[in-house]
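Me: Hi! Could you walk me through this structure before I head back to the bench?

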Amino acid sequence: MKAPAFSYARPRQLAEVLALLDRHRDEARLLAGGQTLLATLNMRLSEPALLIDLQGVAELRGLQLSSTVLRIGAMVTHSEIEASAEVARHAPLLAMAAPHIAHRAIRNLGTFCGSIAYGDPAAEWPACLLALDGVVVARSVAGERRIAAKAFYTGLYTTTLQPNEMIVACEIPLANAGQRFAFDELSRRHGDYAVVGLAASARVQDGLLSQVRLAWLGTGSMPQRALAAEQALEGQFFSEAVTAQALQALRSELQIEGDLTHSPAAKQHLAGVMLKRALHALTQQSALQA
Ligand SMILES: Cc1cc2nc3c(=O)[nH]c(=O)nc-3n(C[C@H](O)[C@H](O)[C@H](O)COP(=O)(O)OP(=O)(O)OC[C@H]3O[C@@H](n4cnc5c(N)ncnc54)[C@H](O)[C@@H]3O)c2cc1C
């Protein structure tokens with residue numbers, strides 16, 4: 001199918017983007033990498049009157065490192081994250097997750113912030129943002145708003161972003177010494193969206209687990225933390241018995257929805273497998289050096 005007719009704007013300044021968004025609101029769509037939006041237009045799942053192309057806005061590009069956070073500008077692509085030595089050093093979970101996203105051609109165009117804004121429950125970045133306690137930096141003509149990852153998603157493909165707001169960046173706290181990370185997912189073919197996936201982080205000292213974060217993708221209508229399973233692991237030495245307690249907690253708390261090919265029971269089983277794998281990976285790898 002062909003996309004419906006739409007007007008097209010290619011501003012050079014962020015202020016112009018925000019003014020257009022404010023004027024057209026729900027009638028407008030931002031075009032970042034286009035790797036999701038163009039498909040939804042061609043399938044006529046979306047019929048915006050105006051596309052606002054972000055490719056010409058230089059101030060939305062680039063990764064920036066400060067003493068506390070990695071700032072990912074709105075037009076930073078999946079491939080830039082995958083290739084960045086700074087990301088590998090200061091936000092290793094992102095480097096681990098990036099190769100799981102689609103295929104190279106899509107990663108070269110698709111953006112981190114586009115994926116966060118779209119909020120596919122099976123996408124890798126929203127779960128990583130949640131596991132890392134990231135922040136979404138949203139801007140409108142009225143100013144800037146910072147939204148914690150855990151408050152950003154409200155349901156299937158829905159977020160707290162307002163129609164006149166856009167994500168200008170996401171911020172990821174820098175990994176600190178002693179933190180470890182694991183990312184794993186199961187998909188039918190490499191590059192497909194995940195059936196189930198897990199983004200995990202923890203501090204591990206001589207087998208003692210703390211600051212455990214478990215964020216799931218592909219399990220429900222939005223990415224979700226497993227707080228009870230985290231609690232079952234917190235302050236415990238890694239062992240088969242502790243793993244069993246975490247698995248039990250996970251079974252009672254994950255809000256699992258089936259999809260076209262997998263029942264909730266199958267996904268629940270896979271989530272347990274992922275958790276066991278992640279705990280082995282976290283406890284066997286060396287900690288980050290300061
Ligand atoms: C075949 C195929 C396989 C894929 N597999 C995966 C996969 O395994 N995992 C995965 O995570 N993704 C996958 N994707 C999606 C891909 O990662 C997209 O790039 C990503 O979801 C959206 O990024 P984008 O920059 O292309 O956004 P666009 O397609 O340009 O936009 C997507 C939506 O987000 C909005 N938006 C974009 N940027 C902003 C912003 N800064 N502020 C507010 N709203 C914004 C747009 O208006 C639009 O509604 C796949 C895509 C394809 C075509």
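Reply: Happy to; we can go through the domains, the ligand and the sheets.

Me: Great. What kind of model is it, and how are the residues numbered?

Reply: This is a predicted model, where local features need pLDDT of at least 70, side-chain atom pairs count only at pLDDT 80 or more, and totals for chains, interfaces and linings use all residues. Residues are numbered from 1 along each chain as its sequence is written.

Me: Which domains does the protein chain have?

Reply: The domain assignment gives domain 1 (7-53), domain 2 (58-173) and domain 3 (181-284). The bounds come from an automatic or database domain assignment.

Me: How far apart are the centres of domain 1 and domain 2?

Reply: Their C-alpha centres are 18 Å apart. The contact between them takes 14 residues from domain 1 and 19 residues from domain 2; two residues are in contact if their C-beta atoms, placed from the backbone, lie within 7 Å.

Me: And what gives the largest share of the domain 1 side?

Reply: Helix 1, with 6 residues. Helices here are DSSP runs of H or I with at least four residues, strands are runs of E with at least two, and both are numbered from the N terminus. By class, that side of domain 1 has 7 nonpolar, 4 polar and 3 charged residues. Ala, Val, Leu, Ile, Met, Phe, Trp, Tyr, Cys and Pro count as nonpolar, Asp, Glu, Lys and Arg as charged, and the others, Gly among them, as polar.

Me: OK, the ligand. Where does its shell lie relative to domain 1 and domain 2?

Reply: Both domains give residues to the shell around the ligand, so it lies between them.

Me: Which residues come nearest to the ligand?

Reply: G33, Q35, G110, G114 and A123 come nearest, out of 27 residues around the ligand. A residue is near a molecule or strand if its C-beta atom, placed from the backbone, lies within 6 Å of it.

Me: Which helices and strands each supply at least two residues of that shell?

Reply: Strand 2 (28-31), helix 2 (37-42), helix 7 (112-118) and strand 10 (166-173). Helix 7 has the largest share, 5 residues. By class, the shell has 16 nonpolar, 8 polar and 3 charged residues.

Me: Let me pick on G114. Is it buried or exposed?

Reply: G114 sits in helix 7. G114 counts as buried because 25 other C-beta atoms lie within 10 Å. The cut-offs are 20 or more other C-beta atoms within 10 Å of its own for buried, 12 or fewer for exposed, and partly exposed in between, with C-beta atoms placed from the backbone.

Me: What does G114 touch, leaving out residues up to four places away in sequence?

Reply: G114 touches A32, G33 and T36.

Me: Switching to sheets. What is the strand order in the one with 3 strands?

Reply: That open sheet has the order 1-3-2, with parallel pairing. Strand 1 (7-9) and strand 2 are the edge strands, each pairing on one side only. Two strands pair if DSSP finds at least two bridges between them. Strand 1 and strand 3 (50-53) have 3 bridges, and S7 stands opposite L50.

Me: Which way does helix 1 run there?

Reply: Helix 1 (14-24) lies across strand 1, strand 2 and strand 3, at about 165° to strand 3. For such angles, axes are lines fitted to C-alpha atoms, for helices over the stretch in contact, and the angles run from 0 to 180 degrees between N-to-C directions.

Me: And the sheet of 4 strands, what is its order?

Reply: It is an open sheet in the order 11-12-13-14, with antiparallel pairing. Strand 11 and strand 14 (224-225) each have a single partner strand, so one side of each is left without a neighbour in the sheet. Strand 12 is joined to strand 13 (208-217) by 8 bridges, and G197 has L217 in strand 13 as its bridge partner. On the strand 11 side, E185 stands opposite G197.

Me: Which helices pack on that sheet?

Reply: Helix 8 touches strand 12, strand 13 and strand 14, and its direction makes about 150° with that of strand 13. Helix 11 (264-284) touches strand 11, strand 12 and strand 13, making about 30° with strand 12.

Me: How many residues of helix 8 are buried?

Reply: In helix 8 (124-131), 8 of its 8 residues are buried, W125 and C128 among them. Just after helix 8, D133 takes a positive phi of about 55°.
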